[in-house]
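Trainee: Got a minute to go through this model with me? I'd like to start with the cysteines.

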Amino acid sequence: MEQPFSLTSEKRGNCAVITTSGYVNNVGGEAIAKEFAKYFDTGIRHVVIDLHGSKVVNSVGMSFLIEIIEQLHEADGRLCFANLDPAVDKMLAIMGLFKFAGKGQTVEDAMTALSANID
């Protein structure tokens with residue numbers, strides 16, 4: 001049975017951290033995009049998406065993540081993924097998204113990677 005999608009988020013300094021749980025499909029992807037928009041609209045341009053609770057991201061969910069990457073890129077912002085399941089990591093790599101977004105083993109690693117690229 002499919003795990004229902006949920007997320008939490010928090011602001012840490014000048015960075016938004018969005019943590020997911022469950023299947024990132026159209027519902028999950030849209031929820032991430034809406035949560036991201038709340039921070040983006042307040043000027044936050046550095047985002048960590050922690051996918052430790054999400055083992056599957058389908059193509060529609062991926063399209064929402066790509067839109068977030070594009071929005072941040074246009075605004076000189078940056079996205080970093082954290083706690084990736086090996087299958088999700090591989091899919092992001094195959095799609096070439098790590099050319100435009102970073103990744104960290106943990107949220108702290110991802111935040112360190114973002115802060116190294118702020119200036």
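Trainee: Is C15 buried or exposed?

Mentor: C15 counts as buried, at 3% relative accessibility. Keep in mind that this is a predicted model.

Trainee: And how far is the closest cysteine sulfur from the sulfur of C15?

Mentor: That sulfur belongs to C80 and sits 8.6 Å away, too far for a bond. The cut-off for a disulfide is 2.5 Å, and C80 is in no disulfide.

Trainee: What's the relative accessible area of C80, then?

Mentor: For C80 the value is 0%, so C80 is buried.

Trainee: How many disulfides does that leave?

Mentor: The count is zero.

Trainee: OK, switching to the sheet. What's the strand order?

Mentor: The order is 1-2-3-4-5, in an open sheet of five strands with mixed pairing. Strand 1 (6–12) and strand 5 (102–104) are at the edges; each has a single partner strand, so one side of each has no neighbour in the sheet. On average, neighbouring strands are turned by 20° against each other, ignoring direction.

Trainee: How many bridges join strand 4 to strand 5?

Mentor: Three, and the two strands run parallel. Strand 4 covers residues 78–82. As for individual partners, F81 has K103 in strand 5 as its bridge partner.

Trainee: What does helix 1 touch when it packs on the sheet?

Mentor: Helix 1 (residues 26–40) touches strand 1, strand 2 (15–21) and strand 3 (46–53). The direction of helix 1 makes about 20° with that of strand 1.

Trainee: And which strands does helix 4 lie across?

Mentor: Helix 4 (residues 107–116) lies across strand 1, strand 2, strand 3, strand 4 and strand 5, and runs at about 160° to strand 4.

Trainee: Which residues of helix 4 are buried?

Mentor: V107, A110 and L114. They span an arc of only 60° around the axis, so they are on the same side of helix 4. T112 and A116, on the other side, are exposed.

Trainee: What covers those buried residues of helix 4?

Mentor: The cover includes strand 1, strand 2, strand 3, strand 4 and strand 5.

Trainee: New topic, charges. How many salt bridges are there?

Mentor: Five salt bridges. One of them pairs K34 with E30, with the closest N and O atoms 3.6 Å apart. Both residues lie in helix 1, four residues apart, or about one turn of the helix.

Trainee: Is K34 buried or exposed?

Mentor: K34 is exposed, with a relative accessible area of 52%, while E30 counts as partly exposed at 38%.

Trainee: Which residue does E35 pair with?

Mentor: E35 forms a salt bridge with K38, at 3.2 Å between the closest N and O atoms. Those two are also both in helix 1, three residues apart. E35 counts as buried at 14% relative accessibility, whereas K38 is exposed at 53%.

Trainee: You mentioned K103 earlier. What does its side chain meet in a salt bridge?

Mentor: The side chain of D89, at 2.9 Å from N to O. K103 is in strand 5 and D89 in helix 3 (residues 86–94), so the pair ties together parts 14 residues apart in sequence. K103 is partly exposed, at 43% relative accessible area.

Trainee: Last one: which residues are linked in a network of salt bridges?

Mentor: E10, R12 and E108 are linked that way.

How values were computed:
Residues are numbered from 1 along each chain as its sequence is written. This is a predicted model: local features need pLDDT of at least 70, side-chain atom pairs count only at pLDDT 80 or more; totals for chains, interfaces and linings use all residues. Side-chain values use heavy atoms; hydrogens and water are left out. Two strands pair if DSSP finds at least two bridges between them. Axes are lines fitted to C-alpha atoms, for helices over the stretch in contact, and angles run from 0 to 180 degrees between N-to-C directions. Contact means heavy atoms within 4.5 Å. Buried means under 20% relative accessible area, exposed over 50%, partly exposed in between (1.4 Å probe, protein chains only). The arc is that of the directions from the helix axis to the C-beta atoms. A salt bridge is a side-chain nitrogen of Lys or Arg within 4 Å of a carboxyl oxygen of Asp or Glu.
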